[in-house]
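Colleague: I am new to this structure and would like to learn how its empty spaces and its helix packing are read. Could we go through them one feature at a time?

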Amino acid sequence: ASPDSIATTAVKTADLSTLVAALQFVDEGSTEKLLPLLGNPGTLTVFAPTNAAFDKLAVELAGAGAKAADLLVPGNKDLVRDVLRYHVLGTTVKRADIPLGKPIDPVLPGNAIFKIDAVAGAVLVTDGRNRTSTVVATDILASNGVVHLIDRVILPANKNIVETALAAAPELSILVEAVTAASLAPTLSGSGPFTVFAPTNDAFANLLTELGVTKAQL
């Protein structure tokens, strides 16, 4: 028999019941429905968070004792929809074909990307907020693509490059000063996309020694 669709596979998988509930939640009253999308013919890849992954996200966002159901409230609907779309690729990518170490573009529009690495035999997903999830099961085949299970909900970036550098203080505090002095902050706060090889404070200290100047002189 032909395999089920991704949507039907999720419905039949007990450990994906929260994912299904989240999909049903964002689909209610929406003209852009995600669950039927996962049931239609196509070539998709879904990195599907387990029930425990959603509970971990609830604790992360709402504090100890929170459960996934606490996230499914009307005020969060747009956020939950974007997060779910972030887990879907528009092409079928099996485990052997994952472009390790390279940026991966999900269905979510804009500059939302994540990357996947193989580390000590584990497959790790690094999201837009530098959080890490482990792929715990791969190549669950469906009629319209493939599903990989992950143990943590991945989130798209919520900071631009300048905000990310500020959040990394004090390790990047001199870089932030330099970017401001060079009037680059508006550019690096723009839509991009950009890649920055960011010197740490120690790197700047080495440069000052090498050039024989003070930070103010630089």
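Modeller: Let us begin with a term: a pocket is an open set of grid points with protein on both sides within 12 Å along at least five of seven lines, and a residue counts as lining when it has an atom within 4 Å of a point. Please keep in mind throughout that this is a predicted model.

Colleague: With that term in hand, which residues lie nearest the centre of the second largest pocket?

Modeller: Leu-57, Leu-61, Leu-71, Val-80 and Val-83 lie nearest its centre, out of 14 residues that line the second largest pocket, whose volume is about 180 Å³. At least two lining residues come from each of α2 (17-27), α4 (51-62) and α5 (77-85), and the lining as a whole has 11 nonpolar, two polar and one charged residues.

Colleague: What volume does the largest pocket have, then?

Modeller: The largest pocket has a volume of about 1300 Å³, and among the 37 residues lining it, Gly-128, Ala-157, Ile-161, Thr-164 and Phe-194 are the closest to its centre. Two or more lining residues are given by each of β4 (114-119), α6 (161-167) and α7 (173-181).

Colleague: Which element gives the most to the lining of the largest pocket, and how does that lining divide by class?

Modeller: The most comes from α6, with five residues, while the division by class is 21 nonpolar, 12 polar and four charged.

Colleague: How should I think about space that is enclosed, and how many cavities of 30 Å³ or more does the structure hold?

Modeller: The general idea is that rolling a probe the size of a water molecule over the atoms shows where empty space is left. In this case the structure holds two cavities of 30 Å³ or more, and the largest cavity contains about 100 Å³ of space. Its lining includes Leu-19 and Leu-23, together with Val-46, Phe-47 and Pro-49, and also Leu-84 and Arg-85. The elements that supply two or more of these lining residues are α2, α3 (34-37), β1 (44-49) and α5, with the largest share, three residues, coming from β1. By class, the lining of the largest cavity divides into 10 nonpolar, one polar and one charged.

Colleague: And which residues line the second largest cavity?

Modeller: The second largest cavity, with a volume of about 40 Å³, is lined by Ile-6, Ala-10, Leu-16, Leu-19, Leu-38, Val-46, Ala-48 and Val-147. Both α1 (6-12) and β1 supply at least two residues of this lining, which divides into eight nonpolar, no polar and no charged.

Colleague: Let us turn to packing: at roughly what angle do the axes of α2 and α5 cross?

Modeller: Two packed helices are described by the angle between their axes and the distance between the axes. Here the axes of α2 and α5 cross at roughly 125 degrees and come within 9 Å, and because of that angle α2 counts as oblique to α5. The crossing in which α2 passes α5 is left-handed.

Colleague: Which residues make the contact between α2 and α5?

Modeller: On the side of α2 they are Leu-19, Ala-22, Leu-23, Phe-25 and Val-26, and on the side of α5 they are Lys-77, Val-80, Arg-81 and Leu-84. Sorted by class, the residues of this contact divide into seven nonpolar, no polar and two charged.

Notes. Residues numbered from 1 in each chain as written. Predicted model: local features only at pLDDT ≥ 70, side-chain atom pairs only at ≥ 80, totals over all residues. Heavy atoms only, no water. 1 Å grid on protein atoms, 1.4 Å probe; cavity = no way out; pocket = protein on both sides within 12 Å on 5 of 7 lines; lining within 4 Å. Points joined across faces, edges and corners; volume = space filled by probe spheres on them. Helix = DSSP H or I, 4+ residues; strand = E, 2+ residues; numbered from the N terminus. Nonpolar A, V, L, I, M, F, W, Y, C, P; charged D, E, K, R; others polar. Axes fitted to C-alpha atoms, helices over the stretch in contact; angles between N-to-C directions. Parallel < 35°, antiparallel > 145°, perpendicular 65-115°, else oblique. Left-handed = near helix turned anticlockwise from the far one by under 90°. Contact = heavy atoms within 4.5 Å.
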